[in-house]
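Me: I'd like to go through some charged pairs and cysteines with you, and hear the reasoning behind each label. Could you show me the model to begin with?

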Amino acid sequence: MSGVAPARAAAASALPAHTGELFVGGTWVAAEGGRTSAVDNPATGGFLADVADASVADGIAAVDAAVAASEGWAATPARDRAELLRRAFDLLTERRERFATLITLEMGKPLAEARAEVTYAAEFLRWFAEEAPRISGRYGPNPEGTGTVVVGHRPVGPCLLITPWNFPLAMATRKIGPALAAGCTVVIKPAEQTPLTTLLFAELLVEVGLPAGVVNVVTTGSAAAVCAQIMADPRLRKVSFTGSTQVGRILIAQAAQNVLRTSMELGGNAPFLVFDDADLDAAVDGAMQAKFRNIGQACIAANRFLVHRAVAGEFTERVVERVGAMIMGDGLTDGVTIGPLIDDRACARVHRLVTDAVDRGAEVLLGGHEVSGPGSFYEPTVLGEVPAGSAVLSEEIFGPVLAVVPFDTEDEAVALANDTEFGLASYAFTTDLSRAHRLIDRLETGLTGINTGAVSNAAAPFGGIKQSGFGREGGIEGIHEYLSVKYSLISR
């Protein structure tokens, strides 16, 4: 625990200056009635800070501010929008340690991973700073020769951005970056468990010259009511959500009432395929990345490890050795490689999945238990010979549980991989180039990693198919989620 004392001493300085306030119209204001709610540290169960608990009226005030700023921000030259995002990138990079400490405090991931999140989050600001001046169109004669076709793009308009707790900074910049680059104003509603990072980022945006009303932050413990009322406002033009498929379905139905533009990045059930010709060193490294990054609490985390029977024993032995060497504890402590889950409910849910698999015949090779407090910890777990029908193979785990299922043929592996309602990410390890190309075509996911356990990149489009959602974040595709196409015909 020697490394935790200095980090704890720095924790107070990591907190935002405006923890108990909303950010609306360029001003920090209290919630209606002065209501607040507490944010806790999942590693200790201890209190971190009180944040404003916005009402429906507060949410509408944020929409008012976004609408008021919309025309002016849309008319702001793309180069100016780009420069603001670039300044935000520079300042966020400079303050990486402060943001990383805050992420670890309120979300729980080890500090090294939190630092990596800040770097990843900053890249969305840099990428979309570069994309803002590149918004283009086309110009040319129509086929009949009677006029000129002009196609351009315009900002969608005021947007509601709803972010999850597992990557509190990266999910904010991944949405705010393209929205601002496109010329849209936003109301962002961060997750109740991790609102502090978004508030700190809003303070940073003020420092780099963000005009009033362009970004508005609404923290609330009444997300369903507040977001429903915001989405019912006819002035809103778009909603972007990252979270569970269950909540996504509700938001899609609500968005239909006003025919809102929607981007939905929903649940996942990523298969991780290891073939008999795979480089097992690379496969094990990839498994550790794809499964245990963020304590397994990632929508693209590998959920089902489908391993060719010829190498299943060796792969599993190596994984058990690596997982057994992991150090669990407070993410601010030196050497810790796996932190807590977000709360006790998450631990109970993970344990239910493990218990169901064991009851059906799976073998616990490592772990398999909740850890008594303080904090919300679950042992890193490896399950072998997980039978079909186990809930751990059909439900998103969102925890540090690696479930191994053997297979015999490529067709069997693909069938098992695609046997899910989800279609976000997949991973495959093989040295057969022809097989790799076949898998890219056959795996029903929006993202596929070949011989890698890390696929996310700000320059690449992130998103899923089937019930993992629609729309893309990142890449050249990301900014178009916030643009409408405008066609004009000029008669000759």
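Reply: Happy to! Let's begin with a term: buried means under 20% relative accessible area, exposed means over 50%, and partly exposed lies in between (1.4 Å probe, protein chains only). This is a predicted model, where local features need pLDDT of at least 70 and side-chain atom pairs count only at pLDDT 80 or more, while totals for chains, interfaces and linings use all residues. Residues are numbered from 1 along each chain as its sequence is written, and side-chain values use heavy atoms, with hydrogens and water left out.

Me: Why is Asp233 called buried?

Reply: Asp233 has a relative accessible area of 9%; buried means under 20%, so the label fits.

Me: And what makes Asp233 and Arg235 a salt bridge?

Reply: A salt bridge is a side-chain nitrogen of Lys or Arg within 4 Å of a carboxyl oxygen of Asp or Glu. The closest N and O atoms of Asp233 and Arg235 are 2.9 Å apart, so this pair qualifies. Arg235 counts as partly exposed, at 30% relative accessibility. The structure holds 27 salt bridges.

Me: How do you know that Lys238 and Glu481 form a salt bridge?

Reply: Their N to O distance is 4.0 Å, and the pair is counted as a salt bridge. Lys238 lies in strand 10 (residues 238-242) and Glu481 in the loop between helix 16 (475-480) and strand 24 (483-491), so the pair ties together parts that are 243 residues apart in sequence. Helices (H or I, at least four residues) and strands (E, at least two) are DSSP runs, numbered from the N terminus. Lys238 is buried at 0% relative accessible area, and Glu481 is buried at 15%.

Me: What makes Arg435 and Asp277 a link between distant parts of the sequence?

Reply: Their side chains meet in a salt bridge of 3.2 Å, N to O. Arg435 sits in helix 15 (residues 433-442) and Asp277 in the loop between strand 12 (270-274) and helix 10 (280-292), so the parts they tie together are 158 residues apart in sequence. Through shared partners, salt bridges join Asp277, Glu410, Asp411, Arg435, Arg438 and Arg442 into one network.

Me: How do you know that Cys184 has no disulfide with Cys159?

Reply: A disulfide is a pair of cysteine sulfur atoms within 2.5 Å. The closest cysteine sulfur to that of Cys184 is in Cys159, 4.1 Å away, so it is too far for a bond. Searching the whole structure finds zero disulfides. Cys227 is likewise in no disulfide, with the nearest cysteine sulfur, that of Cys159, 14 Å away.
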